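Thank you all for coming; I would like to walk you through one structure this morning, beginning with its sheet and ending with a single residue. Please have a look at it first.

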Amino acid sequence: MSLHPTYDRVLIAWEQQQPHYDQDPSHQIVLPDKYQYGGTESLDPAHIGTVVALGPHVSLPLKPGDQVFYGKWSYAKFKYKGKLYVVVKQDDILVTTHGV
């Protein structure tokens with residue numbers, strides 16, 4: 001049995017490790033402390049994952065294997081056969097890395 005999201009939902013494999021961020025200072029934007037929000041600890045890996053399956057009404061240009069970033073409060077997380085997944089509406093996907 002495999003998982004199939006419904007309507008405009010996207011099934012995402014939850015990534016448990018921190019994503020790689022470029023440490024080269026020439027690729028970073030530096031903000032004064034008073035404008036920073038939470039530092040890097042606010043970059044929760046629970047909001048980054050890999051697309052596993054798409055619902056039949058998803059209109060975003062996504063495919064399985066694309067990495068996506070999704071909203072902090074906009075997902076349902078569950079465990080299936082020992083793996084963690086999240087389901088989000090297509091409107092809650094903020095950024096994708098396909099084609100990069």
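What we have here is an open sheet of six strands in the order 4-5-1-2-3-6, with antiparallel pairing, where strands are DSSP runs of E, at least two residues long, numbered from the N terminus, and two strands pair if DSSP finds at least two bridges between them. The edge strands, each pairing on one side only, are strand 4 (76-80) and strand 6 (93-96).

I should say early that this is a predicted model, in which local features need pLDDT of at least 70 and side-chain atom pairs count only at pLDDT 80 or more, whereas totals for chains, interfaces and linings use all residues. Residues are numbered from 1 along each chain as its sequence is written, and side-chain values use heavy atoms, with hydrogens and water left out.

Let me now turn to the edge at strand 4, which pairs with strand 5 in the antiparallel sense over five bridges. Lys 77 has its place in strand 4 and stands opposite Val 86 in strand 5.

Is Lys 77 buried or exposed? Lys 77 is partly exposed, because its relative accessible area is 45%, and that class lies between buried, under 20%, and exposed, over 50% (1.4 Å probe, protein chains only). Leaving aside residues up to four places away in sequence, Lys 77 touches Trp 14, Tyr 85 and Val 86, contact meaning heavy atoms within 4.5 Å. Finally, Lys 77 and Ile 12 are 65 residues apart along the chain, and their C-alpha atoms are separated by 9.4 Å.

Methods. Helix = DSSP H or I, 4+ residues; strand = E, 2+ residues; numbered from the N terminus.
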